Amino acid sequence: MVEMAEAPDVRVLRCGGSKMNYRRPVFSSDSKYLFCASGDLVKVYSTATQECVHVLKGHKNLITGIQLNPKNHLQLYSTSLDGTIKLWDFTDGILIKTFVVDFKLLALYTSAADEKSIFAIISRDNKEASGRFQLISINLPKSTTQEVEAKDFIVILDDVYQSPKSIAFGRECVYVASIRALELHVLFFKKKKRYSFRLGMKDGKGANMFTCVTCHPKEDCIATGHKDGKIRLWRNFNHKQEYVYSTEHWHHDAVNDLMFSAEGTNLLSGGIETVLVQWRYGSETKKDFLPRLGAAIEHIAASPDGALYCTSHSDNKLTIIQSNLHVSGIIQGLVQGQEVITGLMFDPKSKALVLNGKPGHLQFYSLQSDKQLYNLDIVQQERIHQSGLNQTEVVKAVFDSQGTWLVTVEERKGEETDLELQMKVWAYDEEKQSFVLNTTINAPHENHVSGLCFQNLTGSRSGPATFVSAGLDCQFKVWVLGDDSDIYRESVSWSCDFVGTYHHLQATNCSFSEDGSLLAVSFEQIITLWDADIWDLKCTFCHPPGKIRDLAFGRLSCSKYLLGTTENEFLCCWNLLSCTLEWSTELNVKVLQVDPLSENVAVFTEFSRITNFFVFKPNEPRPLYMQANVCYDQVQRALFVPREVLEDYNSESNQWLVRSQLYFLSASQNLMTFGTVEERLTPSSKQLIIDENIPKTPFHVLLGKHREQQRNFGSETEQTALPEGSATISQMLHTPAHVLPNASFLCLMFVNSLLIPKVGISSNEDDDEVEMESEKEEDESDVEMDPTENDQETKKAYSSEELLPKLTKSEEKELKKLRKIDYSWLTAV
């Protein structure tokens, strides 16, 4: 393919699906908001509705820590691997200040006792590969500029863990506790004394190694979690010879996180058991439990007012819990953590992205709201949480074009060669707004199912609903929908209608043409074409040699082409009318995806661990768009999703983005897409859109036409300086009230901004204006002045006034009455 310059306005965008469980969430001081680090964004959720109310954008790399500003409870700090500390006003979603540190920040801590600094974990010499990390205190300089360098820092502890859960600050920042392997270190700031406590190796395997640490907010007590599930409470640690600790044990596996409540009356713990345990401080034998939270607990957070708790889970979920241990809300993101075996699918009914979710389920994920809509239980079996067991997994799934039917394949590997297979067909239920099981087919193939595809009946074609399954048992099977009614009920079910083979080769892929008239099935390195009406073999393709990896028909005007990729790194295009190879190129294609709404085809290629991206049409030998080094990871899956509103792109190379949007999933399970910067509006841009849609007030109705006349007049004639009132008002209205200056200062600034500067007006003319305010001039003001009668000097003097529209007689009288009102009371505000 001929290389082509990429369009500068298209870039790879993070579209959601980032991990919400990477760092501990943080509550606002009044428990109304919950802050969550999600990739390079900070998301602000309402604890009452669980809706995302703000997205704080500005970091260029992964966010590694978030904390409330101890000096202002309406502000939030965030740190990132991009080497910056950002201060946000989270109520309005505004970035206040950026501190440039220039080295990667791995964790963040704040303290009310030290308001001039924040604490962070960094790698020694800025080299993470060394495995040596430091806890430092960074001095935040005062500056009026929005971006300032913060290079002044002090090393507090020289050898710490990278995990944020390995550091905790004690009562009023009197001391800091750090865990590492089997050692607990406590440093007192004022005394500058450091104490170390070491646990003995248990059974030679280190089962009692530290996993997390937290400190009591009111008393000198340190709580540590351990790998063997035990919790130790340390006291008198300011005397190395007299220290004591008590041990509590409930968890059967490692304690993942510990957190004291705001007042220290309770200690919360969580782990793989999916149970939140609440220990009564001072009487630890009394415990309360909140079980069945769905997935292992990774982090625990407590609100400053003690009203709410929050747990983050391994399935990318946040659970908001009341202090009485009742769940009040769940925020579920894109479930991650396992390979997406089914690939990415689009549900036409819910407009959701569908893929593997938690084990044995399919998740329906909203791309617009970045939230999971619901889970569909496919396996319908209780999962046993035990390592080494062969669990039943969903390996294949496909929707029909209308979203009416869903076919899934689940398998469980037994001992040695045994393989348990089930294929299920699900029908969409309008009343339940979900899928219900229609047909279960046991052992549809004798080996793994390698492909599924639905037949799309369009135009004059008619017949029963049909789908095809291909298997490594050297067969492909055609399944049709038939009547299964009896005297008790009316129903339909699916049954096998045809079985096809080719020279005892394994069937590896299958695909229907756009109109459903042809079926392509690949048997290792051979592609076979079948008539979908009579299931008769029409022709075969085999060039160049190599097993077929992907198979797809072209769309619309390119429907006469068949595309295939091979394991020996070839991309081939066959012409179905001439039954010949149209063209081929040597490319290591990892993902091949066809846009269902256009002729465009997208491929991701890999060369020397670099992933490149191409968009082309099968009838043209050159790419429409290309981008090198799309992402650092290998792209695993991709999908074209139809747009609800067509985009308008002027560039020819960007026309492939008009009807559909391409999403792709990397090996690290980051969900990405292609788009322009305009598609990702900033909060200020969204505010402008909101302002345009606000209903007009009477004040706007009165002056709106005047502003319009101003704009029209200014486009035709040369203008002088206009009043800055509109800009000042906009700035005042869009600035948070708590950061505005006092009212007396604002009043003077506001009134001055409304005044129109007049050039060349003499003192005599000023006296004339004063006289016009009298009642005598008010009576004579009914006579309209003709500007053509004035001399050239008068025209120049009043050129700025001419920019304003002419007022009616009644409006002039109203304005003159307003001038006589005493506004001296404003100076006292």
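**Exercise 1. Burial and surroundings of T565**

Determine whether T565 is buried or exposed in this predicted model, and describe what surrounds T565.

Solution. Begin with the relative accessible area of T565, which is 1%. Because the limit for buried is under 20%, T565 is classed as buried. Next, place the residue in the secondary structure: T565 is found in strand β48, which covers residues 561-566. Then turn to the polar atoms, where the side chain of T565 reaches the backbone nitrogen of D550 at a distance of 3.1 Å. Finally, list the contacts, leaving aside the neighbours within four places in sequence: T565 is in contact with K547, I548, R549, D550, F570, L571, V589 and L592.

**Exercise 2. L577 in its loop**

Find where L577 lies, and decide whether L577 is buried or exposed.

Solution. The first step locates L577 in the loop between β49 (570-575) and β50 (580-585). The second step takes the relative accessibility of L577, which is 69%; because exposed means over 50%, L577 counts as exposed. As a third step, consider K560, which is 17 residues from L577 along the chain, while the C-alpha atoms of the two residues are separated by 6.6 Å.

**Exercise 3. Salt bridges and the parts they link**

State how many salt bridges a search of the whole structure finds, and work through the pairs R198 with E183, E430 with K349 and D531 with K538.

Solution. Start from the general principle that side chains of opposite charge can pair when their charged atoms come close. The search of the whole structure gives 17 salt bridges.

- In the pair formed by R198 and E183, the closest N and O atoms are 3.2 Å apart. The pair links distant parts of the chain, since R198 belongs to strand β18 (residues 193-198) and E183 to strand β17 (residues 183-188), 15 residues apart. R198 counts as exposed at 57% relative accessibility, whereas E183, with a relative accessible area of 27%, is partly exposed.
- The side chains of E430 and K349 meet in a salt bridge with an N to O distance of 3.4 Å. E430 lies in the loop between β37 (419-429) and β38 (434-442), and K349 in the loop between β31 (345-347) and β32 (352-356), so the pair ties together parts that are 81 residues apart in sequence. K349 has a relative accessible area of 35% and is partly exposed.
- For D531 and K538, the closest N and O atoms of the salt bridge are 4.0 Å apart. D531 counts as buried at 16% relative accessibility, while K538 counts as partly exposed at 48%.

To complete the solution, note that D102, E149 and K151 are linked in a network of salt bridges.

**Exercise 4. An open sheet of four strands**

Work out in which order the four strands of the open sheet that includes β40 and β41 are arranged, and which strands form its edges.

Solution. The order is β39-β40-β41-β42, and the pairing is antiparallel. The edge strands are β39 (449-454) and β42 (492-500), each of which pairs on one side only. For the relative orientation, neighbouring strands of this sheet are turned by 25° against each other on average, direction ignored. Now examine one pairing in detail: strand β40 (residues 466-471) and strand β41 (residues 475-483) run antiparallel and are joined by six bridges. Within this pairing, G471 stands opposite Q475 in β41.

Technical notes: Residues numbered from 1 in each chain as written. Predicted model: local features only at pLDDT ≥ 70, side-chain atom pairs only at ≥ 80, totals over all residues. Heavy atoms only, no water. Helix = DSSP H or I, 4+ residues; strand = E, 2+ residues; numbered from the N terminus. Buried < 20%, exposed > 50% of the residue type's maximum accessible area, 1.4 Å probe, protein only. Pairing = 2+ DSSP bridges. Axes fitted to C-alpha atoms, helices over the stretch in contact; angles between N-to-C directions. Polar contact = N/O pair within 3.5 Å; in protein donor to acceptor, adjacent residues only side chain to side chain. Contact = heavy atoms within 4.5 Å.
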